[in-house]
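Welcome, and thanks for taking a look at this one. Please open the model and keep it in view while you read.

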Amino acid sequence: MSHLSPVLKQATPVLASRGEGVYLYDEAGRRYLDFTAGIGVTSTGHCHPRVVRAAQEQVATLIHAQYTTVLHRPLLRLSERLGEVLPATLDSLFYVNSGSEAVEAAIRLARHATGRQNIVVFHGSFHGRTMGAAALTTAGPKFRAGIGPLMPGVAVAPFPQAYRYGWDEAEATRFALRELDYVLATICPPADTAAFVVEPMLGEGGYIPATPEFLAGLRERADRHDVLLVVDEVQTGFGRTGRFWGHEHFDVRPDVLITAKGLASGFPLSAIAAPTELMRRAWPGSQGGTYGGNAVACAAALATLEVIQDEGLVDNAAEMGQRLQNGLRKVAADHPMVGDVRGLGLMVGNEFSTPEGEPDPQRAQRAQQAACERGLLLLTCGAHGQVVRMIPPLVVNVDQIDEALALWADAVATVDLG
Ligand code: PMP
């Protein structure tokens, strides 16, 4: 008998046996409202019938054909359809299997295309656990400690984290851009810098949206110094934030976009998108992977895209997200330990703070567990685990949002008593 690795930290004791829409069921038949969605993956809801059908039909037709050997129709069709939702300049796609792998592909592309080495990332960033992506990740010590030496050529500049700094957004943005200029003037000269890699909203780093001025400042500096602006939309893409792409909230133009998670409703698939002219500058044969662009994953992604469009899920995410945030603010108003509620669309965080204003991961985790006991599945994030995040499938409706809010209010009240 073999066991799961003992270092796998399980956020809940739930053993899921089946999923349907916004709900997961355990083996005893107990129903949970799933506001984790496989960490922001099952956007169309668990086992959406159209996604299931598309995948089943594809399994029975062609499971795998490796794209550098032979092409297949689901890959071509998906690329065509993605072209309709991507910024027009990003007309070339490359597929792999996970967010981390896509980040690796973006690092390779940026270095090849510019002939420069350095990459700038921002405090609180999470770009993955493979060794290159881990070098770009600063969201917490656990992602880096003890695995070095990590890839060199990475510099870190601040992300505007207004709440944590105790500043307003304008101040936090000015500070972040001033420090970025200092980094560029000292340890990371623009002539050696390939890319800025940024999330439109910090994910694992604590669910903190960027500010429009910050991203505009990155764009301006990228243009001035011929540095690529790589936008990591692994968690913010595919409607999650109430716009199709998270960066659309900020009116900023990415040079490279990374997508995964919501892309295929749970099938392993990720991609980078870039202008053809840029993609051409990668060295032939430098990008690839046996399972990338798997036919079943591509068919599921196609169905996912159709469901998102046909069911108006991007607008639903915006509307339900607003309702969720409004309700969460009311809960926070009664419980000062929830110091901040923030987010975009259905990507919402509740930050727990001590009376002294320090991160309070203990209370955040107790609230998360109390919610689980009441049938509401949640996760934490943030450098200390002090933020309880809510990322339900985008098909969530008013009743389910209100049910989750009632369960959350009850869970937070219990923790406040304790
Ligand atoms: N980038 C971002 C913004 C993410 O949120 C994640 C996953 N949480 C990743 C990259 C890595 O994705 P994966 O776990 O699929 O490798």
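## Loops, a helix pair and a ligand shell

Let's start with proline 149, which sits in the loop between α5 (131-135) and β6 (154-157). In this predicted model, a cis peptide bond links glycine 148 to proline 149, with omega at about 5 degrees.

Two further loop residues deserve a look, since each has a positive phi without being a glycine: tyrosine 207 and aspartate 226. Here they are side by side.

| Residue | Phi | Loop | C-beta neighbours within 10 Å |
|---|---|---|---|
| Tyrosine 207 | about 55 degrees | between β8 (201-202) and β9 (208-209) | 27 |
| Aspartate 226 | near 60 degrees | between α8 and β10 (228-232) | 12 |

Tyrosine 207 has 27 C-beta neighbours inside 10 Å, so it counts as buried. Aspartate 226 is exposed because 12 other C-beta atoms lie within 10 Å.

Next, follow α8 itself. The axes of helix α7 (residues 169-185) and helix α8 (residues 212-225) come within 9 Å and cross at roughly 20 degrees, so α7 is roughly parallel to α8. The crossing of α7 past α8 is right-handed. On the α7 side, Thr173, Ala176, Leu177 and Leu180 meet Glu213, Phe214, Gly217 and Arg221 of α8. Sorted by class, this contact has four nonpolar, two polar and two charged residues.

Finally, which residues are the closest to the ligand? They are Ser98, Gly99, Ser100, Val234 and Gln235, out of 15 that surround the ligand. Helix α4 (residues 99-114) gives the largest share of this shell, three residues. By class, the shell has five nonpolar, seven polar and three charged residues.

Notes. Residues numbered from 1 in each chain as written. Predicted model: local features only at pLDDT ≥ 70, side-chain atom pairs only at ≥ 80, totals over all residues. Axes fitted to C-alpha atoms, helices over the stretch in contact; angles between N-to-C directions. Helix = DSSP H or I, 4+ residues; strand = E, 2+ residues; numbered from the N terminus. Parallel < 35°, antiparallel > 145°, perpendicular 65-115°, else oblique. Left-handed = near helix turned anticlockwise from the far one by under 90°. Contact = placed C-beta atoms within 7 Å. Nonpolar A, V, L, I, M, F, W, Y, C, P; charged D, E, K, R; others polar. Near = placed C-beta within 6 Å. Buried ≥ 20, exposed ≤ 12 C-beta atoms within 10 Å, placed from the backbone.
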